[in-house]
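I sat down with this one today and kept a few notes as I clicked around. Here they are, in the order I looked things up.

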Amino acid sequence: MIKKLLVALLVALPLCASAQKLGVVDTNSILPLMPEYKAAEQQLAEASKKYETEFSKLREEMEKKFAEYQTLSEDANTPQSIKDRRMQEVQELDQKVNQFYQTAQQDLQRQEQQLLQPVQQKMVEAIQSVGQENGFAMILPNGVAAYTSTDVVDVTPLVKTKLGI
């Protein structure tokens with residue numbers, strides 16, 4: 001029963017769609033042109049630079065501790081307990097560096113999502129507005145459909161105009 005319904009929908013959908021005005025939009029070419037997107041990218045780049053600077057400091061500290069440990073490990077007069085303690089310090093610092101890296105990546109992803117969400121929402125609203133103003137039944141992202149006929153209108157320029165870019 002469900003298969004028959006799906007087949008009927010698949011057969012009817014193209015017939016219904018052919019009577020409707022359809023459009024496609026290239027969101028990948030619009031988003032980078034938006035001033036809000038550029039500002040968000042700049043903020044993300046600045047945050048990333050700060051994390052990179054801190055990460056470099058931590059790595060330098062770890063490399064220094066490791067070099068000290070290597071020097072101690074080669075000294076036959078140094079007790080094993082001191083060597084073990086230094087090795088433990090290097091391992092703890094390595095864990096700290098890895099944890100910092102993971103936290104930084106998660107924070108940058110969160111910031112990216114927070115900064116880009118309003119930009120993407122503005123673009124979606126512009127696409128909806130173009131669709132309503134021009135009588136489109138549906139506007140799909142460019143490249144989603146396996147086939148696009150010549151009757152489908154590329155509304156990317158209209159959306160760019162609506163956004164003032």
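Where is the place of Thr-156? I found Thr-156 in helix H5. A reminder to myself before going on: this is a predicted model.

**Entry: Thr-156**

I checked whether to call Thr-156 buried or exposed. Thr-156 has 5% relative accessibility, and buried means under 20%, so Thr-156 counts as buried. Leaving out residues up to four places away in sequence, I listed what Thr-156 touches: Val-24, Val-25, Asp-26, Ser-29 and Ile-30. I also took one distance, from Thr-156 to Pro-141: their C-alpha atoms are separated by 9.7 Å, with the two positions 15 residues apart along the chain counted as the line of sequence runs.

**Entry: the whole chain**

I stepped back to see the overall layout. The protein chain has five helices and three strands. Following the sequence, I read the pattern as α-β-α-α-α-β-β-α. The chain has 165 residues, and buried residues make up 22% of them. I then looked at contacts between residues at least 6 apart in sequence, and 85% of these join residues at least 24 apart.

**Entry: the largest nonpolar core**

Which residues touch the most other members of the largest nonpolar core? My list reads Val-25, Ile-30, Met-34, Met-123, Val-155, Val-159 and Leu-163, out of 17 residues in this core. Helix H3 (35–74), helix H4 (80–133) and helix H5 (156–163) are the elements that each give two or more residues to the core. H4 supplies the largest share, six residues.

I picked Val-159 from that list for a closer look. Not counting residues up to four places away in sequence, Val-159 touches Val-25, Ile-30, Ala-126, Ile-127 and Val-130.

**Entry: H4 against H5**

Next I wanted to know how H4 and H5 meet. Their axes come within 9 Å and cross at roughly 115°. The crossing of H4 past H5 is right-handed. On the H4 side I noted Lys-122, Met-123, Ala-126, Ile-127, Ser-129, Val-130 and Glu-133. These meet Leu-158, Val-159, Lys-162 and Leu-163 in H5.

**Entry: Phe-136**

Where does Phe-136 lie? I located Phe-136 in the loop between H4 and strand E2 (138–141). Its relative accessible area is 11%, and the cut-off for buried is under 20%, so I wrote Phe-136 down as buried. Phe-136 touches Lys-21, Leu-22, Gly-23, Val-130, Gly-131, Val-153 and Val-155, again not counting residues up to four places away in sequence. One of these contacts caught my eye: the charged end of Lys-21 sits over the ring of Phe-136, 4.7 Å from the ring centre. From Phe-136 to Val-155 I get 9.8 Å, C-alpha to C-alpha, for two residues 19 apart in sequence.

**Entry: aromatic pairs**

How many aromatic pairs does a search of the whole structure find? The search gives three. I opened one of them, Phe-55 with Tyr-101, and found a tilted pair, 5.5 Å centre to centre with 50° between the planes. This pair links distant parts of the chain, since Phe-55 is in helix H3 and Tyr-101 is in helix H4, 46 residues apart.

I then looked up how accessible the two partners are. Phe-55 has a relative accessible area of 22%, and partly exposed begins where buried, under 20%, ends, so Phe-55 is partly exposed. Tyr-101 is partly exposed too, with a relative accessible area of 43%.

**Entry: Glu-92**

My last stop was Glu-92, found in helix H4. Glu-92 has 45% relative accessibility, and exposed means over 50%, so Glu-92 counts as partly exposed. The C-alpha atoms of Glu-92 and Met-62 are separated by 9.4 Å, and the two residues are 30 apart along the chain.

Definitions and conventions:
Residues numbered from 1 in each chain as written. Predicted model: local features only at pLDDT ≥ 70, side-chain atom pairs only at ≥ 80, totals over all residues. Heavy atoms only, no water. Core = buried A, V, L, I, M, F, W, Y, C linked by side-chain atoms within 4.5 Å. Buried < 20%, exposed > 50% of the residue type's maximum accessible area, 1.4 Å probe, protein only. Helix = DSSP H or I, 4+ residues; strand = E, 2+ residues; numbered from the N terminus. Contact = heavy atoms within 4.5 Å. Phe/Tyr/Trp six-rings, centres within 6.5 Å; stacked < 30°, edge-to-face > 60°. Lys NZ or Arg CZ within 6 Å of the ring centre and 35° of its normal. Axes fitted to C-alpha atoms, helices over the stretch in contact; angles between N-to-C directions. Left-handed = near helix turned anticlockwise from the far one by under 90°.
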